[in-house]
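Me: Could you take a look at this model with me? I'd like to get a feel for the overall fold before anything else.
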Amino acid sequence: MKKLIALGLCTCMTAALLSGCGSANKYPNGKVYVYNWGEYIDPETLDMFEKETGIQVIYDEFDTNETMYPKVEAGASNYDVVCPSDYMIQKMIDNDLLQELNWDNIPNAKANIGAQYYEHSEAFDPGNRYAVPYCWGTVGILYNKTMVDEPVTSWSILWDEKYADSILMQDSVRDLFMVGLKSLGYSMNSTDEKELNEAKDLLIQQKPLVQAYVIDQVRDKMIGNEAALGVIYSGEAIFTQRENPDLEYVIPKEGTNVWIDSWVIPKNAENVENAEKFIDFMCRGDIALLNFDYITYSTPNTAAQALIEDDDIRNSKIAFPDLSQYDGLETFSYLGDDADALYNDLWKEIKSK
Amino acid sequence: MRNAARKIYITLIFIFLYAPIVTLMFLSFNASKSRAKWGGFTLKWYKQLFQNAEILQALWNTLAIALLSSLIATVIGTVACLAMQYMKKRNRTIIMGITNIPMLNAEIVTGISLMLLFIVLGMKFGFLTILLAHITFNIPYVILSVQPRMKQLNPSTYEAALDLGATQLQAFFKVTFPDILPGILSGFLMAFTMSLDDFIITHFTKGPGIDTLSTKIYTEVKKGIKPEMYALSTIIFVVVLLLLLLVNHTPREKSAK
């Protein structure tokens with residue numbers, strides 16, 4: 001009896017599974033394969049795109065650049081549009097994985113994305129040939145106004161012994177070294193061994209003062225008043241401020257990392273036309289606004305910025321800082337395998353002390 | 001004295017095991033998205049969960065792949081154990097060695113090598129590739145569970161059945177099969193669990209548009225995991241708990257009668 005039930009269940013499940021594959025004729029204009037970060041797009045915009053263009057969107061998600069790269073490189077599934085981060089785009093360009101964009105086919109991209117974001121993109125995409133910025137942000141210090149009573153203007157406050165065991169640092173090689181190198185006045189894309197060793201020593205000095213090296217836990221810890229200072233991405237800062245009004249975000253005077261996630265088209269894409277239509281659609285002001293509301297990370301789309309209704313957000317120094325005011329803003333470059341190995345070795349030294 | 005110490009020890013172990021799950025269950029009712037603040041009791045995550053077609057599809061895929069792959073792996077694994085019984089010792093050792101490789105390997109090695117194999121074979125990535133990958137890494141667990149039971153078997157019972165007039169199939173199903181059934185069941189359950197749990201191999205062998213729960217949850221790490229996932233995990237936990245209670249209750253009733 002039990003066996004019959006089990007068998008019956010199995011057949012039901014397989015039948016139900018197979019019944020899902022009959023909807024081919026809703027989309028007369030083909031498909032587009034999109035590969036993006038998790039939770040990085042408003043699903044409604046995908047529905048709108050499918051309705052307007054008749055192109056079916058096959059959407060896939062990844063969690064880090066590093067797990068995305070082998071899949072695109074191996075050509076397991078030929079994605080038409082991918083959204084990597086700055087340094088990863090440069091690595092993909094160097095390894096001949098991307099194709100140059102035909103800007104005539106994506107008019108919204110040139111018209112609606114601010115020129116300053118393209119300037120910053122030159123750090124990893126010289127000549128702006130491969131990438132269209134999608135989301136961007138800065139890295140800065142989030143501090144709790146009730147626990148820190150002096151003005152926060154410099155990375156050096158993270159070395160202040162007053163805040164021992166109340167400091168949160170990023171648990172990622174390049175982000176950690178960015179703080180170290182910037183506070184010494186060096187470039188965060190430095191490959192100079194002397195500079196890197198200086199940064200390493202500085203970070204080892206800081207280690208006893210650090211409460212924890214975290215990634216996304218920094219959000220919840222700061223909201224819960226567990227730490228006074230934390231290094232955080234600007235996109236998270238707005239969310240944390242909403243949950244805990246005692247928090248304040250600031251970009252230190254030495255400068256920081258301006259990160260940009262952009263749309264690219266891989267060389268082995270099969271639906272290039274549809275890919276261009278997709279990117280062009282995402283660069284529309286109203287669509288970018290929908291995505292901004294959903295993701296809450298800053299959008300480089302000036303048309304969308306103008307459409308934001310809430311004055312506080314539109315003029316927010318966190319979401320849309322005036323980049324010309326700051327010195328020392330840089331974007332990550334891909335440093336090559338040797339430099340990466342050096343960074344990794346030094347990071348291991350810091351972590352193991 | 002010893003009794004009290006035993007009870008305290010067990011309680012501590014249970015707290016250690018279940019504290020994370022209980023926290024998760026609390027957070028699934030938390031109105032605030034943040035893990036640090038309690039924003040009030042709410043059922044909205046449960047409602048949103050059942051309206052979210054993507055998560056439900058991922059759940060469906062996960063269960064279907066787990067069930068199918070563990071069933072097929074159990075069949076293949078059991079047959080393999082049968083065959084190994086009648087092999088020369090040297091061949092058996094070789095086969096056991098090969099079987100152990102996927103278990104000892106780092107999963108990322110298995111994942112990438114399967115991905116490259118599928119590319120070489122020109123297969124289109126999708127549900128089928130994930131299924132094949134899961135069957136592949138499940139077979140060793142089944143073999144590992146069934147082998148010991150097989151070894152314990154008295155080979156003469158099978159031959160006695162043949163002598164008494166049974167065909168080979170009849171002899172297998174009526175004599176051997178009931179004896180190794182516990183091994184097969186535990187192998188099946190292990191395979192099912194490993195398949196439900198798997199992320200990295202699924203990530204590398206899946207095609208666009210197909211997601212399992214683990215790949216869906218991992219991709220949300222950068223932005224923060226949606227509370228709908230807490231709701232889903234709570235439901236799964238409660239369902240499994242109920243099933244276990246049911247399964248463990250009924251036999252006792254039967255034997256009491």
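What follows is a short conversation about the two chains and their overall dimensions.

Reply: Before we start, please keep in mind that this is a predicted model.

Me: Sure. How many helices and strands are there in chain A?
Reply: Chain A contains 15 helices together with 9 strands. Its radius of gyration is 23 Å, close to the 20 Å that the globule rule gives for 353 residues, so chain A is as compact as a globular protein of that length.

Me: And what does the C-alpha trace of chain A span along its principal axes?
Reply: It spans about 65 × 65 × 45 Å, and 41% of the 353 residues of chain A count as buried.

Me: Switching to chain B, which elements does it run through from the N terminus on?
Reply: The order is α-α-α-α-α-α-α-α-α-α-α, that is, 11 helices and 0 strands. The radius of gyration of chain B is 23 Å, well over the 18 Å expected from the globule rule for 257 residues, so this chain is more spread out than a compact globule.

Me: What box do its C-alpha atoms fill, then?
Reply: For chain B the box is roughly 70 × 65 × 35 Å, taken along the principal axes, and buried residues make up 30% of its 257 residues.

Me: Last thing, what share of the contacts in chain B with a separation of 6 or more comes from residues 24 or more positions apart?
Reply: In chain B, such residues account for 78% of the contacts with a separation of 6 or more, while in chain A the corresponding share, for residues 24 or more positions apart, is 77%.

Definitions and conventions:
Residues are numbered from 1 along each chain as its sequence is written. Chains are lettered from A and ligands numbered from 1 in the order in which they are written. This is a predicted model: local features need pLDDT of at least 70, side-chain atom pairs count only at pLDDT 80 or more; totals for chains, interfaces and linings use all residues. Helices (H or I, at least four residues) and strands (E, at least two) are DSSP runs, numbered from the N terminus. The radius of gyration is taken over C-alpha atoms; the globule rule is 2.2 Å times the number of residues to the power 0.38. A residue is buried if 20 or more other C-beta atoms lie within 10 Å of its own, exposed if 12 or fewer, and partly exposed in between; C-beta atoms are placed from the backbone. Two residues are in contact if their C-beta atoms, placed from the backbone, lie within 7 Å.
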